[in-house]
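Q: I would like to learn how to read strands, sheets and loops in a model, going slowly from one feature to the next. Could we look at one together?
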Amino acid sequence: MENLLYEPITPDANTDASTAVETKKRNKRFQQGITSCKTYRRRLIDNWQTNIDYRRGKPFTSDSDEDRIAVNMDWSLTKQKQSALFSQVPVIRVNHPPETVSPEVAPWLHSFEQRINDTLRTAGIESTMDECLPDCINASGIGIAIISHETLKEDVEVPAVDLSGLPPELHQIVLSSGTLPDGTPIPMETVPRIIDHRYRLNRVSPADFLWPVSFTGSNFDNAPWIGRSGTMSWSLAKSTFGLDDKDKTKYISDGDRNSYDKLTQDVDKTNREAEENVVFDEIFYKEHEFSATPTKYDVIHHLIFVAGEPEPVIDEPWAGQQIAPNGDIIGALSFPIRTFSLTYISDEAIPPSDSAVGRPQVDEINEGRSNMNQQRKHSRPFRWFDVNRIDHNIQTSLMRGTWQHMIPVQGQGSNVIGEVGRNSMPQENFAFD
């Protein structure tokens with residue numbers, strides 16, 4: 001029965017040592033790239049927070065807005081452009097003649113199209129687009145989403161040897177008896193089995209986006225790597241990353257994240273976040289960019305670094321791809337993190353948003369409206385009166401501003417009460433605003 005067992009391969013010690021050295025160099029290179037991106041990203045987040053404040057209608061840093069007026073143009077313009085860009089989920093149609101017109105494909109093609117469209121909606125494409133478009137239009141000039149296939153697994157015992165080579169009759173006897181034909185018990189091993197799965201499409205905050213700072217293109221599929229920062233509850237991180245309870249205190253933290261790494265400036269909200277969180281950085285990269293012996297341009301590798309652990313807790317080929325026996329790639333050929341923007345500035349991968357570009361105009365309108373408000377407040381009509389011709393008691397009421405009735409005067413009253421000349425704002429200011 002030895003022919004049923006996989007023959008072990010004796011590794012070459014020199015090859016393993018060389019691979020380990022290259023892996024350490026790769027990991028260090030990625031950690032340096034992540035650190036550089038986070039430093040550069042914090043400079044952008046400050047402006048992104050300001051863009052959101054303008055859209056929220058609170059553009060002033062001071063708490064007192066008594067003499068200032070905010071004209072909230074960003075809210076209406078963002079809503080208008082968002083509805084123009086995405087109002088309903090487009091329907092996918094598969095059309096690739098001559099393959100799609102063959103008699104073998106026609107019976108199941110419509111069902112396949114329907115399944116794709118239904119999966120898009122159940123995965124959350126509608127809410128994701130509603131969340132990503134304001135990021136692109138108002139906050140950061142770029143929208144980011146991640147597509148994932150999530151599974152729930154359980155451990156089951158299966159034979160540790162390959163029984164598929166046995167004749168069907170002998171195969172059933174071996175399984176029912178639990179012993180091999182030579183009488184020895186079937187060796188068993190524990191493997192995970194998928195019990196449930198789902199597709200998910202979620203927004204990635206621009207404050208969590210990771211990319212090579214040196215990349216200057218608009219299509220991030222051409223970047224050598226792309227990634228995101230994130231947090232995960234301890235119970236989920238333990239099962240996903242294979243963490244141990246005894247090292248819980250090492251992993252539970254907020255990493256180096258602070259208010260400069262988040263788009264919200266609500267301190268109370270930040271302090272109320274769950275304490276038992278695991279901070280991680282997830283990276284997807286093209287293997288041919290970092291391998292000395294590449295085999296395919298589109299092969300993608302998956303890394304996850306957890307705060308508190310110097311080496312990646314996940315280092316494996318991306319599960320969204322498989323290599324067929326003939327060498328072809330089955331699955332997605334692009335990064336699972338998708339990005340989009342509405343414009344491109346030369347040599348800038350992250351363009352300014354519409355709100356950032358239009359901010360000087362909004363500031364000028366805010367200032368003009370504030371000047372109008374101050375003009376109306378400080379140029380109120382004032383009257384004067386002749387103290388020699390008006391009774392003393394009536395003078396007191398006039399000065400308090402409570403007298404609006406018949407005023408007794410001595411002699412002709414045309415020159416007894418008059419209006420003080422006001423400093424009016426030039427008419428062109430009103431016309432300009």
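A: Let us start with a pair of strands, keeping in mind that this is a predicted model: β6 and β7 (residues 314–317) are paired in the antiparallel sense, over four bridges.

Q: What holds strands of a sheet together when they pair?
A: As a general idea, strands of a sheet pair through backbone hydrogen bonds, and the pairing may be either parallel or antiparallel. In the case before us, H302 stands opposite E316 in β7. On β5 (residues 277–286), seven bridges join that strand to β6, and the two run antiparallel; within this pairing, the bridge partner of E282 is I304 in β6.

Q: Which residues of β6 point one way, and which point the other way?
A: In a regular strand, the side chains alternate between the two faces of the sheet. Here I300, H302, I304 and V306 point one way from β6, while H301, L303 and F305 point the other way.

Q: How many residues of β6 are buried?
A: Strand β6 (residues 300–306) is mostly covered, for seven of its seven residues are buried, and this holds for the residues that point either way.

Q: What is the order of the strands in the open sheet of three strands?
A: To read a sheet, one follows its strands from one edge to the other. In this open sheet the order is β2-β1-β10, with antiparallel pairing, and the edge strands, each of which pairs on one side only, are β2 (188–204) and β10 (337–340). Neighbouring strands of this sheet are turned against each other by 10 degrees on average, with direction ignored. Between β1 (residues 143–159) and β10, which run antiparallel, there are four bridges, and the bridge partner of I146 is I337 in β10.

Q: Which helix packs on this sheet?
A: Helix α4 (residues 125–139) packs on the sheet, where it touches β1, β2 and β10, and the direction of α4 makes about 50 degrees with that of β2.

Q: Where is P187 found, and why is P187 called partly exposed?
A: P187 is found in the loop between α5 (168–177) and β2. P187 is called partly exposed because its relative accessible area is 35%, and that class lies between buried, under 20%, and exposed, over 50%.

Q: Which residues is P187 in contact with, leaving aside its neighbours within four places in sequence?
A: With those neighbours left aside, P187 is in contact with V158, P159, A160, V161 and L180. Of these, P159 lies 28 residues from P187 in sequence, and the two are 5.8 Å apart in space, C-alpha to C-alpha.

Conventions
Residues numbered from 1 in each chain as written. Predicted model: local features only at pLDDT ≥ 70, side-chain atom pairs only at ≥ 80, totals over all residues. Heavy atoms only, no water. Pairing = 2+ DSSP bridges. Axes fitted to C-alpha atoms, helices over the stretch in contact; angles between N-to-C directions. Contact = heavy atoms within 4.5 Å. Buried < 20%, exposed > 50% of the residue type's maximum accessible area, 1.4 Å probe, protein only.
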